[in-house]
Amino acid sequence: MSDPGTQPLCSVRVEVPDASLLNALLGQHDEHLKIVEEGTGVQAVVHESMIECRGDEEQTELGARVLRELLELLARGYPLYRSDVGYAVRILSADSQARLHEIFLDTIYISAHQRTIAPKSVAQKYYIDLIRKRDIVFGIGPAGTGKTYLAMAMAVAALLRNDVTRIVLARPAVEAGERLGFLPGDLAEKVNPYLRPLYDALNDMVDPARAKKYMEHGTIEVAPLAFMRGRTLNDSFVILDEAQNTTREQMKMFLT
């Protein structure tokens, strides 16, 4: 952040014509503006219907672009959250030509909790665009980057649009210290812990009663990869989670 006591090298003004938009852009106790300042290095000064960004040329251009892109989102009716501002700074820092509305407003699905599921980065946007266009997509990335969650949202959305008649969620039963034979219960209860992450994502998107109905009717099926041999899956959206833990033979079986 620029030192307020020094003369800024550049100054860029962002006009905000509406008071309600200005309040939403600033956030509670100016928390959104503080994130922009910390993320871009600008000093932001709020005037009556304008925000002035002060700093060097690169900082002020980035800071002003972030504010303008966020303002456009708000003008389009997007409910701006604190986390969105951080995402916006990261996206535009990496790609100054990115358009936030093309990413944030690309709604995949509205969950059972009335929460909009949409990409939050350029990579996530690219990922869901590929899922729309291709029959097979491999998602590679660190844990927590939304690979399974976004694929699940795309699957549920496709099912509700009647683009597919069934969702199949598969996962290899990779052991972490306990062997299946030593876990309590029948076979279904033994493999359930390995499939828990898929159930968690599903229940976050679909009302539990509705999800139970889908699963009872076989519309949504969650199964260990070992149970997939010999299956015929027409008109299905199939997700293989933790695919890096499959053997070569399992991957060939799944793809064919």
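Visitor: I would like to learn to read burial one residue at a time, so where does Arg54 fall, and what is its relative accessible area?

Guide: Arg54 is partly exposed, with a relative accessible area of 24%. Please keep in mind throughout that this is a predicted model. The reasoning rests on a cut-off, because a residue is called buried under 20% and exposed over 50%, with partly exposed in between.

Visitor: Which residue forms a salt bridge with Arg54, and how far apart are the closest N and O atoms?

Guide: The partner is Glu52, and the closest N and O atoms of the two are 3.3 Å apart. Glu52 counts as buried, at 8% relative accessibility, whereas Arg54 is partly exposed. Glu52 also belongs to strand β3, where Arg13 stands opposite it.

Visitor: Since that brings us to β3, how should I read the sheet, and what is the order of its strands?

Guide: A sheet is read by following which strand lies beside which. Here 3 strands form an open sheet in the order β1-β3-β2, and their pairing is antiparallel. β1 (10-15) and β2 (43-47) stand at the edges with a single partner strand each, so one side of each has no neighbour in the sheet. From one strand to the next, the twist averages 20°. Between β1 and β3 (residues 50-55), the antiparallel pairing runs over 6 bridges.

Visitor: Returning to charged pairs, how many salt bridges does a search of the whole structure find?

Guide: The search finds 14 salt bridges, and it is useful to ask of each pair where its two members lie in the chain. Consider Glu69 and Arg99, which form a salt bridge with their closest N and O atoms 3.2 Å apart. Glu69 sits in helix α3 (residues 57-75) and Arg99 in the loop between α4 (82-94) and α5 (100-104), so this pair ties together parts that are 30 residues apart in sequence. Glu69 is buried at 4% relative accessibility, while Arg99 is partly exposed at 32%.

Visitor: Which residues are linked with Glu69 and Arg99 in a network of salt bridges?

Guide: The network links Arg65, Glu72 and Arg76 with Glu69 and Arg99.

Visitor: What does the salt bridge between Lys120 and Asp84 look like when read in the same way?

Guide: Their side chains meet at 2.9 Å, taken from N to O. The pair links distant parts of the chain, 36 residues apart, with Lys120 in the loop between β5 (116-117) and α6 (122-133) and Asp84 in helix α4. Lys120 counts as partly exposed at 22% relative accessibility, and Asp84 is buried with a relative accessible area of 1%.

Visitor: Turning to helix ends, which residue caps the N-terminal end of α9?

Guide: To read a cap, look for a side-chain atom placed by a backbone atom at the end of the helix. In α9 (residues 208-216) the capping residue is Asp207, with a side-chain oxygen 3.1 Å from the backbone nitrogen of Ala209. Just after α9, Gly218 takes a positive phi of about 80°.

Visitor: How many helices and strands does the whole protein have, and what share of its residues is buried?

Guide: There are 10 helices and 8 strands, and 42% of the 256 residues are buried. The protein exposes about 14800 Å², of which carbon and sulfur atoms supply 50%. Among contacts with a separation of 6 or more, 62% come from residues 24 or more positions apart.

Definitions and conventions
Residues are numbered from 1 along each chain as its sequence is written. This is a predicted model: local features need pLDDT of at least 70, side-chain atom pairs count only at pLDDT 80 or more; totals for chains, interfaces and linings use all residues. Side-chain values use heavy atoms; hydrogens and water are left out. Helices (H or I, at least four residues) and strands (E, at least two) are DSSP runs, numbered from the N terminus. Buried means under 20% relative accessible area, exposed over 50%, partly exposed in between (1.4 Å probe, protein chains only). Contact means heavy atoms within 4.5 Å. Accessible areas come from the Shrake-Rupley method with a 1.4 Å probe; for residues, only the protein chains shown count as cover. A polar contact is a pair of N or O atoms within 3.5 Å; within protein, one must be able to donate a hydrogen and the other to accept it, and residues adjacent in sequence count only if both atoms are side-chain atoms. A salt bridge is a side-chain nitrogen of Lys or Arg within 4 Å of a carboxyl oxygen of Asp or Glu. Two strands pair if DSSP finds at least two bridges between them. Axes are lines fitted to C-alpha atoms, for helices over the stretch in contact, and angles run from 0 to 180 degrees between N-to-C directions.
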